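User: I should be grateful for a close look at a single strand in this structure and at its surroundings. Please explain the reasoning in terms that a first-year student can follow.

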Amino acid sequence: MTSYLPAEDRYRSMSYRRCGHSGLLLPAVSLGLWQNFGDDRPLDTQRAVLRRAFDLGITHFDLANNYGPPYGSAETNFARILHDDFRDRRDELVISTKAGWDMWPGPYGDLGSRKYLLASLDQSLRRLGLDYVDIFYHHHYDPQTPLEETLAALHSAVTSGKALYVGISSYSDQRTAEAVTILRGLGTPLLIHQPSYSMLNRWIEDRLLDVLGAEGVGCIAFSVLAQGLLSDRYLNGIPPGSRASMDGSLTRDMLSDDNLARIRALNDIALQRTQSLAQMAIAWALRDHRVTSVLIGASSVAQLEQNVTALEHLDFTDDELANIDRYAVEGGVDLWRTPATA
């Protein structure tokens, strides 16, 4: 392992956006560790991606308790690299984690109870080797737990010094508005919402973005590439070793003839803009000023660099947007629809 010295010009090219009405700035592109940072991937590759991300001005690294595989391993692997390469840069980083999906067996390792959320945060901090995270999220709305209990747990995370800010993910517009009110009453403002959002999954445009804009809450979109569909990888079928070939979070039924036709049409528009489809998808998700940042994954340094290049061409003409709207329609790719609409 070679020692790491960050690039001196790392803040010159990245755009930073204010997160809602808070004082926190986030990079327009943040790095998500949902995929590619478990024990099934080489640690040296993970290290190279994280180093390059920081050199490109990406200061926000997004985790969750059950990212892996196995569960927890993304936090553990990130902690090793954080200690080796970034331990003197902690105050230049925004590190977030979440709890809400299943994490350990039994009735206390899932959903939205105070017991689960605060126990999970303690476990995450131990895995990360940190005293606090910058943002602690509830990962999805839990209709079985009073919202007041879930949000009071987030408030406790802040008052105990274990988190600086709190967020929610995959909440509907109605539940988000309720969360804003409850947290405001507790004295811990809701900093940010993390919804799924892409050209094939535009549900947040109906009402959620209006709520976030009106209430001064930031928005960080995940799955902006529709889990890889909005890239050139599937233009000619399903390549061996791709996510779709493994029938995991990207299933073969998402690669319907209708979706593939739309993806190819969108790819033609991207080429006219001298962008890849992935680059255009990232730029498109950032076109609305209410979107603070987009989360991207990266399995290699080359993929990371290519996607961050989207920031060099964020402008769209009215004709381009109108043309995109012809093909950017619901594609049945939203795996998080149930909690988001509950």
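Analyst: In this predicted model, both faces of strand S5 are covered. On one side lie Val94, Ser96 and Lys98, on the other Ile95, Thr97 and Ala99, and all are buried. This arrangement may be read with a general rule in mind: in a regular strand the side chains alternate between the two faces of the sheet. Strand S5 spans residues 94–99, and because 6 of its 6 residues are buried, the strand is largely enclosed by the rest of the structure.

The partners of S5 come next. Strand S4 and S5 run parallel and are joined by 3 bridges. Within this pairing, Asp62 of S4 is found opposite Ser96 in S5. S4, helix H2 and S5 together form a β-α-β unit, and this unit is right-handed. S5 is also joined to strand S6 (residues 133–138) by 4 bridges, and these two strands run parallel. Ser96 takes part here as well, with Ile135 as its bridge partner in S6. To pass from S5 to S6, the chain goes through helix H3 (residues 114–128), and this β-α-β crossover is right-handed.

The loop that follows S4 also deserves attention. Asn65 lies in the loop between strand S4 (60–62) and helix H2 (73–85). Asn65 counts as buried because its relative accessibility is 0%. Its side chain makes a polar contact, at 2.9 Å, with the side chain of Tyr116.

Further along the chain, strand S8 (residues 190–194) offers another example of a covered strand: 5 of its 5 residues are buried. Strand S7 (residues 163–169) pairs with S8 in the parallel sense, over 4 bridges, and Ser169 has Gln194 of S8 as its bridge partner. The chain travels from S7 to S8 through helix H5 (residues 173–186), in a right-handed β-α-β crossover. S8 pairs in the parallel sense with strand S9 (residues 218–221) too, over 2 bridges. In that pairing, Ile192 is matched with Gly218 of S9. Helix H6 (residues 208–215) carries the chain from S8 to S9, and this β-α-β crossover is right-handed.

The nonpolar residues form cores. As a general matter, nonpolar side chains in soluble globular proteins tend to be buried together. The largest nonpolar core here has 97 residues, and those with the most contacts inside it are Leu31, Met199, Leu229, Val294 and Leu304. Helix H8 (residues 277–285) supplies the largest share of this core, 8 residues. Leaving aside neighbours within four places in sequence, the residues in contact with Leu229 include Leu200, Tyr234, Leu250 and Val333. Apart from this core lies another, of 12 residues, among them Leu26, Tyr137, Ile192 and Phe222.

The cysteines remain to be considered. A disulfide is a covalent bond between the sulfur atoms of two cysteines. A search of the whole structure finds 0 disulfides. For Cys19, the closest cysteine sulfur is that of Cys219, at 9.0 Å, which is too far for a bond. Cys219 is likewise in no disulfide. Cys19 is buried, with a relative accessible area of 0%, and Cys219 is also buried, at 0%.

Notes: Residues numbered from 1 in each chain as written. Predicted model: local features only at pLDDT ≥ 70, side-chain atom pairs only at ≥ 80, totals over all residues. Heavy atoms only, no water. Buried < 20%, exposed > 50% of the residue type's maximum accessible area, 1.4 Å probe, protein only. Polar contact = N/O pair within 3.5 Å; in protein donor to acceptor, adjacent residues only side chain to side chain. Pairing = 2+ DSSP bridges. Right-handed = clockwise from strand over helix to strand, strands pointing away. Disulfide = S-S within 2.5 Å. Core = buried A, V, L, I, M, F, W, Y, C linked by side-chain atoms within 4.5 Å. Contact = heavy atoms within 4.5 Å.
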